[in-house]
Amino acid sequence: MKIVVLIKQVPDMEKVKFDREKGVVDRKSAGTEINPFDLNALEAAVAIKEETGAQVVALSMGPPSAETALKEAIARGADEGILLSDRKFGGADVKATANTLAAGIKEIGEYDLVLAGMQTVDGDTGQVGSEVAEILDIPHICFVEKIEEVTDKDITAVTDIWDGVYVKKMQFPGLLTVTKDINNPRLPSFKNKMKARKAEIPVWGLDKMSAHIDETGAGLKGSATMVKKIEVPEAVRREGKMWREDINSALDEFTDILKNKKILEVK
Ligand SMILES: Cc1cc2nc3c(=O)[nH]c(=O)nc-3n(C[C@H](O)[C@H](O)[C@H](O)COP(=O)(O)OP(=O)(O)OC[C@H]3O[C@@H](n4cnc5c(N)ncnc54)[C@H](O)[C@@H]3O)c2cc1C
């Protein structure tokens, strides 16, 4: 069995700054990490590997620096990593990102299961997983919070969305997107850290995947949408007031504040 895990390298959103002038994320202002939901996807893949002996391939589209994320994936239990990187992939929207990842998966060849996070903490559209499945023309289950059973033909997964809990069985090949509730990602082991340090990460550009994608489907050219501007709201400082003396006038003043803010309606 072969499992492909989609791993995106994202900026540390706790620290990253926004360039208000240009309306873009200043990626140099913070370190990077594996998108947290993708760590859950990787952990699910490694757990299946332990049960079935599956081979786990971590796949990422990103700049050359995303190699670090793939090495970390190996340190956390993936068998290998492949980086899709090419200047022609730059400026990709969701459609072009999904096209490129799907082309990478086709280039890998035989696979049974693709695992992705339910969303990223930077782009946050939550669309890439489903789009990859649609392009590959395989079934998919989104927001999986538990994997109940894996056989050599299918997988049974539980989702808890909106109006109920669903138990779904999906035949291979197929794709799952996972939530944070599915597991607790393990830390890298010493043995795997050593393996990751020595690992060579192949870098595939557009030419390598030319049987599945061309320039019109990747990067800016392959994008159907355009981000015109990102606006970051100013942080609002919390204000407090303490009344220490007359309780009645304090209550009157407090009620007035609530009325003015339209929190309280007094007839
Ligand atoms: C016009 C335009 C230009 C853009 N230009 C840039 C740019 O130059 N640089 C930039 O960083 N972003 C750019 N973006 C943002 C970029 O399109 C999104 O980050 C990307 O499409 C992934 O979407 P998402 O982050 O919302 O993923 P989601 O749909 O929220 O991700 C779901 C899951 O899909 C998988 N996944 C998503 N992206 C990747 C990936 N790259 N590799 C592997 N797995 C992945 C992960 O498993 C993830 O958990 C641009 C967007 C637009 C619209």
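**Notes on the model: spaces, ligand and chain**

1. Let's start with enclosed space: there is one cavity of 30 Å³ or more in the structure. Keep in mind as you read that this is a predicted model. The largest cavity holds about 30 Å³ of space. Its lining is made up of Leu39, Leu42, Glu43, Arg76, Pro185 and Arg186. Sorted by type, that lining has three nonpolar residues, three charged ones and no polar ones.

2. Next, an open space to look at: the second largest pocket, with about 260 Å³ of space in it. You can find it by picking out Arg238, Glu239, Gly240, Lys241 and Trp243, along with Phe254, Ile257, Leu258 and Lys261, which line this pocket. Here the lining splits into four nonpolar, four charged and one polar residue. The polar one is Gly240, because glycine is counted as polar in this scheme.

3. Now the ligand. Which residues come nearest to it? Out of the 29 residues around the ligand, the answer is Lys8, Asp38, Ala92, Thr120 and Thr125. The whole shell around the ligand divides into 12 polar, 11 nonpolar and six charged residues.

4. A few polar contacts are worth checking by eye, each of them to an oxygen atom of the ligand. Thr120, already mentioned among the nearest residues, places a polar side-chain atom 2.7 Å from a ligand oxygen. Val128 uses its backbone instead: a polar backbone atom there is 2.8 Å from an oxygen atom of the ligand. Gly91 also takes part through its backbone, with an N or O atom 3.3 Å from a ligand oxygen.

5. How much of the ligand's accessible area does the protein cover? On its own the ligand has 950 Å² of accessible area, and the protein covers 83% of that. Strand 6 (55-61), helix 3 (94-108) and strand 8 (113-117) are the elements that each give two or more residues to the shell around the ligand.

6. Stepping back to the chain as a whole, the secondary structure amounts to six helices and 13 strands. The radius of gyration is 23 Å, whereas a compact globule of 267 residues would come out near 18 Å. Along the principal axes, the C-alpha atoms fill a box of roughly 75 × 45 × 40 Å.

7. Two spots in the backbone deserve a second look. Most residues other than glycine have a negative phi, and most peptide bonds are trans. Against that background, the peptide bond from Phe172 to Pro173 is cis, and its omega is near -5 degrees. To find Pro173, go to the loop between strand 11 (164-171) and strand 12 (174-178).

8. The other spot is Asp137. Is its phi positive or negative? Positive: the value is near 60 degrees, in a residue that is not glycine. Asp137 sits in the loop that runs between helix 4 (128-136) and strand 9 (140-150). Val128, whose backbone contacts the ligand, belongs to that helix 4 (128-136).

Technical notes:
Residues are numbered from 1 along each chain as its sequence is written. This is a predicted model: local features need pLDDT of at least 70, side-chain atom pairs count only at pLDDT 80 or more; totals for chains, interfaces and linings use all residues. Side-chain values use heavy atoms; hydrogens and water are left out. On a 1 Å grid over the protein atoms alone, a cavity is a set of points where a 1.4 Å probe fits but cannot get out, and a pocket is an open set with protein on both sides within 12 Å along at least five of seven lines; lining residues have an atom within 4 Å of a point. Grid points are joined across faces, edges and corners, and a volume is the space filled by probe spheres set on the points. A residue is near a molecule or strand if one of its heavy atoms lies within 4 Å of it. A polar contact is a pair of N or O atoms within 3.5 Å; within protein, one must be able to donate a hydrogen and the other to accept it, and residues adjacent in sequence count only if both atoms are side-chain atoms. Accessible areas come from the Shrake-Rupley method with a 1.4 Å probe; for residues, only the protein chains shown count as cover. Helices (H or I, at least four residues) and strands (E, at least two) are DSSP runs, numbered from the N terminus. The radius of gyration is taken over C-alpha atoms; the globule rule is 2.2 Å times the number of residues to the power 0.38.
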